[in-house]
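Me: I am new to this structure and would like a close look at a single part of it. Please take one loop and connect it to the rest.

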Amino acid sequence: MSWNHCPKHKEIIEWKGQVECPVCQLQADIENLKEFARYIIKVECWSIYDQDGGDIQELAEKLGLIKKHIATEADVNPDVDDFEVGDTIYKFSDVLEGGK
Ligand SMILES: [Zn+2]
């Protein structure tokens, strides 16, 4: 065999050089996005309490939707940002890449 097979997706996956089965990875991404969407709707729309953005950021990091990043010149817009080069900030992870 020149590729590995995921036990769950062996009939549909040709799995070249990837550590994770891409179908399993997509399913995990979808589950994480669903959990996040449920949380946002629950706390932002259905809760009477004001929410702390820190809780949402913490959940997003736990679910792998954002990741820590050391700010570079390219990240900093001094007109709007309150961080500097070298500060630890968050960026979207691959699963959310493509957005702004
Ligand atoms: Zn799989």
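Reply:
**The loop around V76**

Not counting residues up to four places away in sequence, V76 touches A71, D81, F83, E84 and V85. V76 is found in the loop between β1 and β2, the latter covering residues 88-92. This is a predicted model, and β1, which spans residues 66-70, is where confidence is highest, at a mean of 94.

Is V76 buried, exposed or partly exposed? V76 counts as partly exposed because it has 17 C-beta neighbours inside 10 Å, whereas a buried residue needs 20 or more and an exposed one has 12 or fewer. Another residue to set beside V76 is D87: the two are eleven residues apart in sequence, and their C-alpha atoms lie 9.9 Å from each other in space.

A second loop helps to place this one. G64 lies in the loop between α2 and β1. G64 follows α2 and has a positive phi, near 80°. Which residues does G64 touch, not counting those up to four places away in sequence? They are N32, S93 and V95. N32 falls within helix α1, which runs over residues 22-45. From G64 to D94 there are 30 residues in sequence, but 8.8 Å in space from C-alpha to C-alpha. G64 is partly exposed because 16 other C-beta atoms lie within 10 Å of its own.

The helix before G64 has little cover. Helix α2 covers residues 53-62, and of its ten residues the count of buried ones is one. The protein as a whole has 100 residues, of which 3% count as buried.

The two loops can now be set in the overall order. The secondary structure comes to two helices and two strands, and along the sequence they follow the pattern α-α-β-β. The loop with G64 joins α2 to β1, and the loop with V76 sits between β1 and β2. Among contacts between residues at least 6 apart in sequence, 29% join residues at least 24 apart.

How far can the model be trusted? The protein averages a pLDDT of 83, and 83% of the residues score at least 70. Among the helices and strands, confidence is lowest in α1, at a mean of 90. Where pLDDT is low, the predicted coordinates should not be read in detail.

Methods. Residues numbered from 1 in each chain as written. Predicted model: local features only at pLDDT ≥ 70, side-chain atom pairs only at ≥ 80, totals over all residues. pLDDT = per-residue confidence, 0-100. Helix = DSSP H or I, 4+ residues; strand = E, 2+ residues; numbered from the N terminus. Contact = placed C-beta atoms within 7 Å.
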